Amino acid sequence: MKFLLANVEVVKGLLPRVVESLLNEGYGLRVVVEGMAEAKKFSCKECGAPFDAYPPDDAHTTALLEKEEGAVERKYSCTYGHENVLYWIKVKPRLVTA
Ligand SMILES: [Zn+2]
């Protein structure tokens, strides 16, 4: 019982990093899984060929074509080898209450 109470306090203190903090909690794992966006389809800016792009992590799940403060830059190649740069930004974490 003491252990459980202590755990709750630690989690509250680390709220901004709630996903990492709750990795050992059942519902925390669900938050992480939901945040792992699937590959998104994009079209090459050179030739229009489709290519898949995966988010760099579970926090930066929205892709922009123009650089933005705090964005994670990732380069992708289309089928024909053209380089495409995407800038991934954070979206507000969805906190799931069990
Ligand atoms: Zn291309």
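## Confidence first

pLDDT is the predictor's confidence in each residue, on a scale from 0 to 100. That is a handy place to start, since what you have here is a predicted model. The mean pLDDT of the protein is 72, and 57% of its residues reach 70 or more.

The confidence varies from element to element. Helix H1, covering residues 2–13, has the lowest mean pLDDT among the elements, at 41, while strand E4 has the highest, at 96. Over residues 1–23 the pLDDT is below 50, and in the model this stretch has 15 contacts beyond near neighbours in sequence. Residues 27–35 also have pLDDT below 50; here the model shows 18 contacts beyond near neighbours in sequence.

## The overall layout

Three helices and five strands make up the secondary structure of the protein. Reading along the sequence, you meet them in the pattern α-α-α-β-β-β-β-β.

Of the 98 residues, 4% count as buried. Among contacts with a separation of 6 or more, 45% are between residues 24 or more positions apart.

## A three-stranded sheet

Let's turn to the strands. Three of them form an open sheet in the order E3-E5-E4, with antiparallel pairing. Strand E3 (60–64) and strand E4 (72–77) are the edge strands, each pairing on one side only. On average, neighbouring strands of this sheet are turned by 40° against each other, direction ignored. As general background, strands of a sheet pair through backbone hydrogen bonds, either parallel or antiparallel.

E3 and E5 are antiparallel and are joined by four bridges. One pairing to look for is Thr62, whose bridge partner in E5 is Ile89.

## Strand E4 and its hairpin

On the other side of the sheet order, E4 is joined to E5 (residues 83–90) by six bridges, again in the antiparallel sense. You can follow this pairing residue by residue: Val72 has Trp88 as its bridge partner in E5, Glu73 stands opposite Tyr87, and Lys75 stands opposite Val85.

E4 and E5 form a hairpin with five residues between the strands. In that hairpin, Gly81 takes a positive phi near 85°.

How many of the six residues of E4 are buried? The number is zero, so this strand lies largely in the open. E4 is also the element with the highest mean pLDDT.

## A closer look at His60

His60 is a good residue to pick out in your viewer; it lies in strand E3. Is His60 buried or exposed? His60 counts as buried because it has 20 C-beta neighbours inside 10 Å, and the cut-off for a buried residue is 20 or more.

Which residues does His60 touch, leaving aside those up to four places away in sequence? They are Pro55, Val72, Trp88, Ile89 and Lys90. Two of these names appeared above as a bridged pair: Val72 and its E5 partner Trp88. Ile89 also appeared, as the bridge partner of Thr62.

His60 also gives a view of how the chain comes back on itself in sequence terms. His60 and Tyr87 are 27 residues apart in sequence, and their C-alpha atoms are 8.9 Å apart in space. Tyr87 is the E5 residue that stands opposite Glu73.

Note on methods: Residues are numbered from 1 along each chain as its sequence is written. This is a predicted model: local features need pLDDT of at least 70, side-chain atom pairs count only at pLDDT 80 or more; totals for chains, interfaces and linings use all residues. Helices (H or I, at least four residues) and strands (E, at least two) are DSSP runs, numbered from the N terminus. A residue is buried if 20 or more other C-beta atoms lie within 10 Å of its own, exposed if 12 or fewer, and partly exposed in between; C-beta atoms are placed from the backbone. Two residues are in contact if their C-beta atoms, placed from the backbone, lie within 7 Å. Two strands pair if DSSP finds at least two bridges between them. Axes are lines fitted to C-alpha atoms, for helices over the stretch in contact, and angles run from 0 to 180 degrees between N-to-C directions.
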